[in-house]
Amino acid sequence: MEKTHPTDKPIVVLKDVWKTYSMGEVKVHALKNVSLEIRHGDFVAIVGPSGSGKSTMMNLVGCLDTPTKGTVFLESRDITKMSESDLASLRGKTIGFIFQQYNLIQNMSAFENVLLPLELQEFDDYSAEKRAAELLKLVGLGDRMGSRPTQLSGGQQQRVSIARSLAANPEVVLADEPTGALDSVTGREVLETLHRLWKTEGKTIILVTHDMNLARYAQRFIELKDGEVVRVEKNRDVQKVDYRLPEKQQGIG
Ligand SMILES: Nc1ncnc2c1ncn2[C@@H]1O[C@H](COP(=O)(O)OP(=O)(O)O)[C@@H](O)[C@H]1O
Ligand SMILES: [Mg+2]
């Protein structure tokens, strides 16, 4: 069922955030006084050239890192004041990560790769297996559950990692250059999968990309340049997406 996007409720808020890396004597200001708000159900693309601070921002938004100055709120909680273990638990429940390198376990099938994080949670075997199969169907890989990463294309591997990122049913999916290792056709396939999740599952999607063709799938752009936000804008020409799964991908395993 289609969900309404986005809502007014903020899920991630950055307030006057600085991130400074010290390299010996030299200081690199990767983010300079950044403030922004991402709401539940948003689909945001963080764009900008290489070195502009996109990954640094992503790591803060995903609570993998803390700011040098300023505050980050996740679900209205100030993460700079939380203990490491409370933060890890909030992060685990709230955020799913997708990386450029798919980080799949090579000697496990697609199904087992998605099952693994479910087994670490409080799912019994039956529910975990049922959910892993559902997630793979959701990303159009219902007929490839038994395949190992080496038997799948790059785009299919990235879709397995998308399924895996959804294991804990996170509210937010963060994807940092998820198509960086893919050709443009496969890149679009991955973006359409993300778009479908946004549309049908009501997830908040935060995508980092330097490719404006892929950013067009988002509802909103946040553009960085030299560590500063230079543009926050609604996307007036959202890429149209066909929500039906391709025929050959619908097989039920
Ligand atoms: N761990 C680090 N140590 C030192 N400098 C870093 C580190 N991570 C990033 N930087 C610097 O911060 C700036 C922003 O980097 P990054 O956020 O990775 O940009 P992007 O993802 O847009 O390419 C760059 O100048 C980069 O060299
Ligand atoms: Mg980066």
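**Reading a cavity, a ligand shell and an aromatic pair**

The largest cavity has a volume of about 40 Å³. The model is predicted.

Visitor: How many cavities of 30 Å³ or more does the structure hold?

Guide: A cavity is a space where a 1.4 Å probe fits but cannot get out. Here there is 1 cavity of 30 Å³ or more.

Visitor: Which residues line the largest cavity?

Guide: Lining residues are those with an atom within 4 Å of a cavity point. In this model they are Met58, Asn59, Leu64, Phe97, Ile98, Phe99, Leu174 and Asp176. Two or more of the lining residues come from each of helix H1 (54-61), strand E6 (95-98) and strand E7 (172-176).

Visitor: How does that lining divide by residue class?

Guide: The lining has 6 nonpolar residues, 1 polar and 1 charged.

Visitor: Now the ligand. Which residues surround ligand 1?

Guide: A residue belongs to the surroundings if one of its heavy atoms lies within 4 Å of the molecule. For ligand 1, the stretch of the chain to look at includes Pro49, Ser50, Gly51, Ser52, Gly53, Lys54, Ser55 and Thr56. Tyr21, Met23, Val28 and Ala30 are also in the shell.

Visitor: Which elements supply at least two residues of that shell?

Guide: They are strand E1 (10-23), strand E2 (26-39) and H1. The most comes from H1, with 3 residues. By class, the shell around ligand 1 holds 5 nonpolar residues, 6 polar and 1 charged.

Visitor: Where are the polar contacts to an oxygen atom of ligand 1, in the backbone or in a side chain?

Guide: The general test is a pair of N or O atoms within 3.5 Å. Both kinds occur here. A backbone N or O atom is involved at Ser52, 3.2 Å from a ligand 1 oxygen, and at Gly53, at 3.1 Å. For Lys54, an N or O atom of the side chain lies 2.9 Å from an oxygen atom of ligand 1. As for cover, ligand 1 taken alone exposes 560 Å², of which the protein buries 62%.

Visitor: How many aromatic pairs does the count come to?

Guide: Rings pair if their centres lie within 6.5 Å. The count comes to 2 aromatic pairs. One of them joins Phe43 and Trp198, with 5.9 Å centre to centre and 55 degrees between the planes, and is tilted.

Visitor: Why does the pair of Phe43 and Trp198 tie together parts that are far from each other in sequence?

Guide: Phe43 belongs to strand E3 (residues 43-47) and Trp198 to helix H6 (residues 184-201), so the pair links parts 155 residues apart in sequence.

Definitions and conventions:
Residues numbered from 1 in each chain as written. Chains lettered and ligands numbered in written order. Predicted model: local features only at pLDDT ≥ 70, side-chain atom pairs only at ≥ 80, totals over all residues. Heavy atoms only, no water. 1 Å grid on protein atoms, 1.4 Å probe; cavity = no way out; pocket = protein on both sides within 12 Å on 5 of 7 lines; lining within 4 Å. Points joined across faces, edges and corners; volume = space filled by probe spheres on them. Helix = DSSP H or I, 4+ residues; strand = E, 2+ residues; numbered from the N terminus. Nonpolar A, V, L, I, M, F, W, Y, C, P; charged D, E, K, R; others polar. Polar contact = N/O pair within 3.5 Å; in protein donor to acceptor, adjacent residues only side chain to side chain. Areas by Shrake-Rupley, 256 points an atom, 1.4 Å probe, with all protein chains shown as cover. Phe/Tyr/Trp six-rings, centres within 6.5 Å; stacked < 30°, edge-to-face > 60°.
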